[in-house]
Amino acid sequence: AVIGDGAQIYPQCYIGDDVEIGANSVIYPGVKIYAGCKIGSDCIIHANAVIGADGFGFAPAPDGSYKKIPQTGNVVIENNCEIGANTTIDRASIGSTIIRQGVKIDNLVMIAHNVEIGKNTVVAGQTGFAGSVRVGEGCMFGGQVGVAGHITIADKTIIGAQTGIISNIKEEGKTLLGSPAMDAREYMKAYSIFRKLHKR
């Protein structure tokens, strides 16, 4: 492992083989960083976060059991990122799970294998990203958002709390609500009608 100048490593952390931690980063107590993961400079990783655990990959066998698919990639967290307490970022099956520069992630967020979170995106607590999601730059996620696998989300997308994303978001700068997600204004119009249905 390589630890940069001025980095702070608090008690009860685990730093695996070939891990790199950049200058002036702070790793709070109980953080686990698995082998081969790369942490940039000026990052903060809060207590009990797990960086680089295996992605959730299993192949069904003829007898109904599941065979584990080796997860051979890593996690790369670029400079000036903050990762909340008890957040988990899984290693890629092949290649890297990537958290781009300036990303801020709250507590209790789940990021699956091969996800890429774009520069300066912010993610509130209890949000979950399924495998191979691609998030653009400057996006904002409210709490408890769920994102299905293999979805691409355009730059500057704003996603309200508890929204469910099940298809690609292609247009930049949209604000979305609901599950499945829809334009926030359309959602509010539909919800205003829904609230009155019992009176008809």
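Where is threonine 121 found? In this predicted model, threonine 121 is placed in the loop that runs between β18 (116-117) and β19 (122-123). With a relative accessibility of 0%, threonine 121 counts as buried, and its surroundings can be described through both polar contacts and general contacts. On the polar side, the side chain of threonine 121 reaches the backbone oxygen of glycine 118 at 3.1 Å, while a polar atom of the side chain of threonine 121 also lies 3.5 Å from the backbone nitrogen of glycine 138. When residues up to four places away in sequence are not counted, threonine 121 touches Gly102, Val103 and Lys104, together with Val135, Gly136, Glu137, Gly138, Cys139 and Phe141; glycine 138 thus appears in this set of contacts as well as supplying the backbone nitrogen of the polar pair.

With respect to the cysteines, the structure holds zero disulfides. For cysteine 13, the closest cysteine sulfur is that of cysteine 37, and because the two sulfur atoms are 14 Å apart, they are too far from each other for a bond. The closest cysteine sulfur to that of cysteine 37, in turn, belongs to cysteine 43 and lies 13 Å away, which is likewise too far for a bond, given that a disulfide requires a pair of cysteine sulfur atoms within 2.5 Å. As to solvent exposure, cysteine 13 counts as partly exposed, at 22% relative accessibility, whereas cysteine 37 counts as buried, at 0%.

Note on methods: Residues numbered from 1 in each chain as written. Predicted model: local features only at pLDDT ≥ 70, side-chain atom pairs only at ≥ 80, totals over all residues. Heavy atoms only, no water. Buried < 20%, exposed > 50% of the residue type's maximum accessible area, 1.4 Å probe, protein only. Helix = DSSP H or I, 4+ residues; strand = E, 2+ residues; numbered from the N terminus. Polar contact = N/O pair within 3.5 Å; in protein donor to acceptor, adjacent residues only side chain to side chain. Contact = heavy atoms within 4.5 Å.
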